[in-house]
Amino acid sequence: MGVPRLIAKLSNLKSSSTFDEDKNTNWHSYDSWLEKHPSALVAFKKMMHGAESKKIVVFLDYDGTLSPIVNDPEVAFMTEKMRAVVHEVGCCFPTSIISGRSREKVYDFVQLDNIYYAGSHGMDIMAPLQPLRIRDWKYHAKAVDRKIQKSLEEKTEAIEGVKLEDNKFCLSVHFRNVPDEDLGTLEEQVKSVLEEHPQFRLTRGKKVLEIRPPIDWDKGHALEYLLDSLGLAGSNDVLPIYIGDDTSDEDAFELIHRRRQGHSIIVTSIPRETWASYSLYDTTEVMLFLEYLTKWKRISSAI
């Protein structure tokens, strides 16, 4: 089967998720939103037009993208099928997972040696089987002050459902299991700790508050750094594909939008403001898109 025939077949497939009323989603609103951020499955043919001559680099978030969002972040395991698909992607293209978690923790979940790992929103990077060409990386010397963690533990221990996660270069305060009536108190306590350490900053993600060091660094910077490490920073032939679900991924989406080079894909089941050009509904659709990508690569390479 030739590439045009394959792409035509893939683009005619419907989204793998079943949209039903049990999701409590306003489908009229979602359909309108899809007009601006079409499904990457449906738009696959358009996205890959002319990509045979490009150097494709794949960037993936972890939680909510490769693994479903779960109540306990310590058990956010990806499926064996997803692991196999990501391994195949890593065999076809340079691939990196950029996560807010520590690099070591993401590796423990993924356990693949043919991809890059960028933990703490890209402040801690490991290349597959060899070190990166790291420049004067002053960023690695700035971890979150342990006094902050101890103070947070003391101030939040009475709040039910709080989960603190040390991600080496940022500290995550998970509140997915915190009762709604305690959320205001939790935020007050977190802010009171930061008042004692004004050099650190507070950012927000999906059901998480994150305390980060005072470094101008985010997932967009990590994307640029990884492209530079691959020798592709100034290339007109590179095609980055970034898939993520969190607000922290918006920095990478915005970078791709400004560069007018690459594809940004948000994973979400509800309409939301985003810099992303395309969308996928859930982790099942992410896996299907990655399968499309590897099949496209195998067939295009055979021509």
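This is a short tour of the sheet and the nonpolar cores in a predicted model.

Let's start with the sheet. It is open and has seven strands, laid out as β4-β3-β2-β1-β9-β10-β11, with mixed pairing. The edge positions go to β4 (124–126) and β11 (278–280); each has a single partner strand, so one side of each has no neighbour in the sheet. On average, neighbouring strands here are turned by 20° against each other, direction ignored.

At the β4 end, β3 (residues 116–119) runs antiparallel to β4, and three bridges join the pair. One residue pair to look up is G119 and its bridge partner in β4, D124.

Now for the packing. In soluble globular proteins, nonpolar side chains tend to be buried together. In this model the largest nonpolar core has 41 residues, and L66, V110, I243, F289 and L290 touch the most other members. Helices and strands both feed into that core: α3, α4, α5 and α10 each give two or more residues, as do β1, β9, β10 and β11. The top contributor is α10, with seven residues.

Here are some of those contributing elements with their residue ranges:

| Element | Residues |
|---|---|
| α3 | 44–47 |
| β1 | 55–60 |
| α4 | 80–92 |
| α5 | 103–110 |
| β9 | 238–244 |
| β10 | 263–267 |
| α10 | 283–302 |

What is F289 in contact with, leaving aside its neighbours within four places in sequence? The list runs A40, L41, F44, M47, I241, I243, I265 and L280.

Apart from the largest core lies another one, of 27 residues, including L227, L232, V238 and Y281.

Methods. Residues are numbered from 1 along each chain as its sequence is written. This is a predicted model: local features need pLDDT of at least 70, side-chain atom pairs count only at pLDDT 80 or more; totals for chains, interfaces and linings use all residues. Side-chain values use heavy atoms; hydrogens and water are left out. Two strands pair if DSSP finds at least two bridges between them. Helices (H or I, at least four residues) and strands (E, at least two) are DSSP runs, numbered from the N terminus. Axes are lines fitted to C-alpha atoms, for helices over the stretch in contact, and angles run from 0 to 180 degrees between N-to-C directions. A nonpolar core is a set of buried Ala, Val, Leu, Ile, Met, Phe, Trp, Tyr and Cys residues joined through side-chain atoms within 4.5 Å. Buried means under 20% relative accessible area, exposed over 50%, partly exposed in between (1.4 Å probe, protein chains only). Contact means heavy atoms within 4.5 Å.
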